[in-house]
Amino acid sequence: MDFSQFSHIFWSVPTNEVPAADWWIDVLRAFVRILVPVFFVLLLVPPLVWFERRLLGFMQQRQGPNRVGPEGIVQTIADGVKLLMKEDIIPSNVDRTLYVLAPIIMLIPALVTAGVLPWHPSLVWGAGAPNVDIGVLYLLAWSSLAVYGVVMAGWASNNKYALLGGLRSSAQMISYELGMGIAVVTVVLISGALSVRDIVFDQSAYGWIKDAAHTTAHHAAYTWGIVHKPWLGFLNPWHVAQFFPMGFVAAFIYVVAMLAETNRSPFDLPEAETELVAGYHTEYTSMKFAMFFMGEYANMVVVSAIAATLFFGGWTTPIAQLDQWDNTAVGWIIPAAMISAKIGLGLYFFVWIRATLPRIRYDMLMSFGWKGIFPIALGNLFCVAVSLTAGYWAGLAVWIVLAVGALLIVANLDSTKRFTEKTRRRSVLGLYASAQPFQMPLVKTSNGAPPVDGRTAAEELVK
Amino acid sequence: MVTVAPTPGDYLPLLILILMGAFIAVLLVALSWILGPKQPSVEKLSPYECGVTPVGTARDRFPIKFYLIAMLFILFDIETVFLYPWAILYRNNAYLSRGFLLGEMTVFIAILFVGYIYIWKKGALDWE
Amino acid sequence: MGTQILFAILAAVAVVCGIGVVVSASPVRSALNLVLVLCSVALLYLTLNASFVAAIQIIVYAGAIMVLFLFVVMILNLGSPEPLVNKLKPQTPLAVVAGLVLIGVIASVVASIPPQASGRLLPEATTGALTIGLSLFSPAWVFPFEAVSVLLLVATVGAVVLATRRAL
């Protein structure tokens with residue numbers, strides 16, 4: 001083979017070139033393309049674990065790992081090598097096949113979802129599979145398959161804690177998948193595209209243009225919308241800022257759902273160590289345990305990347321006029337740097353939330369998913385649809401009406417009333433009473449004698 | 001910018017990606033199986049229940065609540081699936097009016113929302 | 001050629017896993033085999049250019065319905081590793097006959113398809129989300145579409161009534 005041709009295939013990367021005619025060049029390109037996301041996700045996991053531990057240490061005024069290597073950055077590698085050399089225990093009475101398969105199934109979705117997320121607009125190199133027309137559905141399909149790793153690990157382990165953890169986790173994941181799916185539909189509605197590549201283009205200053213010739217060749221009954229965004233001034237074209245409260249609410253719902261999908265704090269119920277030891281991976285040792293760990297952190301990277309792509313502009317810059325993706329060094333560095341920075345901010349957010357919020361109770365978690373996230377996402381989607389038909393102000397009016405109505409309903413719910421009027425008072429005063437180091441003065445009855453049952457003033461208040 | 005019509009060949013990278021992901025995952029499991037020592041004992045292989053001898057069976061029955069959540073998830077997931085082609089159509093067609101599409105979907109969602117209010121009132125979403 | 005090889009591989013996976021569904025001793029394994037069957041069928045849709053249908057197949061069947069199946073298997077405590085006792089012995093010959101009849105029907109249908117029509121890629125415009133939406137939401141199909149939501153409503157009520165019967 002002629003080397004010049006070889007180097008041409010690898011390094012000459014015209015932005016708008018369609019895939020080559022020779023099938024083996026396609027295969028070669030496909031390999032090179034998918035190596036980028038796979039290694040990005042895999043190689044980011046060890047520094048991410050270190051980053052999380054150091055950042056948590058900083059936020060909690062302690063050191064975190066700082067011994068192995070400069071600032072402790074090699075700590076995770078050392079842990080990984082240690083885990084790799086540990087004994088691989090398969091406990092008695094487990095379902096051996098499923099037990100071994102579970103960590104593998106856990107890791108695969110995290111690795112393969114990264115394939116459709118673009119880091120550059122190029123059709124040839126910009127993503128693992130840049131021209132997949134069902135992009136967001138591909139992402140949702142894999143996230144719906146991620147449940148199986150958890151269920152299999154929990155069931156195969158022959159351990160009560162593992163089974164409970166697995167069930168809790170799967171119920172939680174499917175509950176939040178609903179809100180997540182509707183938040184993604186909102187993005188599809190705003191951008192009018194299923195392909196992730198087109199969704200990112202929709203957030204650039206130029207919008208996305210479907211090829212007109214391609215349209216007429218197919219179906220005469222419809223035309224693709226030809227969207228060409230006018231000059232937007234200071235307004236940001238990212239979906240998070242579209243139709244102001246609605247894009248933001250959709251992004252918020254996606255972010256909450258992504259915390260729940262990755263089983264991260266404050267939704268880390270499946271691994272609540274005070275209740276369930278370690279949840280579904282209680283029985284796992286050695287590298288299999290490490291793979292659950294890797295799966296979780298790789299998933300964090302991927303869902304941050306999805307959030308960045310769907311809501312925060314993907315590889316575009318915050319100021320649309322700075323966008324550059326011509327075939328120069330700058331044109332390649334800017335998009336890659338932007339998407340990396342956004343993923344980094346997403347990961348920081350994960351750690352920040354973990355350091356800030358306490359773990360919530362399981363019943364609260366499920367009601368929040370079904371009674372909070374789901375109806376809010378649906379109403380929000382309706383408002384976006386109205387905005388697209390009747391204009392932004394009509395949509396905003398509907399949004400405000402729905403929000404006020406929902407607030408009124410929630411404020412009048414029996415459970416809310418009970419909570420605000422009785423439970424809260426009782427719990428606060430009860431805590432206050434029990435925390436007193438000395439006996440409270442007894443309640444005086446009408447004749448000045450203490451009551452028979454000896455209630456204290458605080459208890460009388462509670463009553 | 002020219003968007004090219006997708007072909008099955010565009011899914012080739014995904015196939016390679018899935019195979020590569022599976023390969024990496026299997027490799028990691030195999031490596032630790034090869035590298036680690038093997039000294040099993042009866043105590044080591046027993047299920048972990050905080051150091052106490054395991055009591056009863058691990059595969060016990062569990063609340064019907066989980067069944068209910070999975071069932072309701074299917075129903076509302078199907079609703080979400082209808083939303084995808086609807087959202088695409090809403091933005092990209094000159095054939096059906098948006099008002100008609102919006103009304104159609106609003107009726108669809110409203111009927112389902114009756115069911116949603118029913119399950120809320122019935123307490124099926126409460127988790128004791 | 002490549003498509004045919006892919007078809008052969010995927011069809012083989014589907015058939016092997018389908019047999020696995022039937023012969024697995026543990027119901028949990030049967031269910032997981034069924035997940036594999038559904039996934040390989042989704043990949044078959046993908047080779048026919050029907051990517052939207054493939055994604056929906058995975059999201060709805062593998063991602064939602066099979067999770068319910070797994071939960072039900074576990075709720076009924078059928079998940080124990082001991083093999084099930086076959087209580088329906090007399091059905092076995094009947095099942096064989098019924099299976100053979102089914103194979104015959106499918107074979108006659110397959111044989112009636114002209115060879116040039118089989119395994120043909122559908123044009124992208126007939127399988128994309130837009131075209132599916134265009135027929136699904138057109139005025140001609142309004143009533144069936146709204147009827148679907150009534151069906152889902154009935155299913156919702158049914159699920160709640162079944163699961164909370166004691167509370168009624």
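**Close-up views of a predicted model**

**View 1. The largest nonpolar core and its best-connected residues.** This core has 205 residues, and A:Tyr254 and B:Ala70 have the most contacts inside it. A nonpolar core here is a set of buried Ala, Val, Leu, Ile, Met, Phe, Trp, Tyr and Cys residues joined through C-beta atoms within 7 Å; buried means that 20 or more other C-beta atoms, placed from the backbone, lie within 10 Å of the residue's own. Helix α3 (residues 65–91) of chain B gives the largest share of this core, 20 residues. The model is predicted: local features need pLDDT of at least 70, side-chain atom pairs count only at pLDDT 80 or more, and totals for chains, interfaces and linings use all residues. Residues are numbered from 1 along each chain as its sequence is written, with chains lettered from A in the order in which they are written.

**View 2. The surroundings of B:Ala70.** Not counting residues up to four places away in sequence, B:Ala70 touches A:Ile174 as well as C:Val67, C:Leu68 and C:Phe71. Contact means C-beta atoms, placed from the backbone, within 7 Å.

**View 3. Helix α14 of chain A beside helix α4 of chain B.** The axes of α14(A) (residues 362–390) and α4(B) (residues 98–122) come within 11 Å and cross at roughly 165 degrees. The two helices are therefore roughly antiparallel, a term for angles over 145 degrees. Among the residues that meet here are A:Lys371 and A:Leu378 from α14(A), and B:Arg98 and B:Trp120 from α4(B).

**View 4. Where chain A meets chain C.** Chain A brings 20 residues to this contact and chain C brings 21 residues. On the chain A side, α5(A) supplies the largest share, six residues.

How values were computed. Two residues are in contact if their C-beta atoms, placed from the backbone, lie within 7 Å. Helices (H or I, at least four residues) and strands (E, at least two) are DSSP runs, numbered from the N terminus. A residue is buried if 20 or more other C-beta atoms lie within 10 Å of its own, exposed if 12 or fewer, and partly exposed in between; C-beta atoms are placed from the backbone. Axes are lines fitted to C-alpha atoms, for helices over the stretch in contact, and angles run from 0 to 180 degrees between N-to-C directions. Angles under 35 degrees count as roughly parallel, over 145 as roughly antiparallel, 65 to 115 as roughly perpendicular and the rest as oblique.
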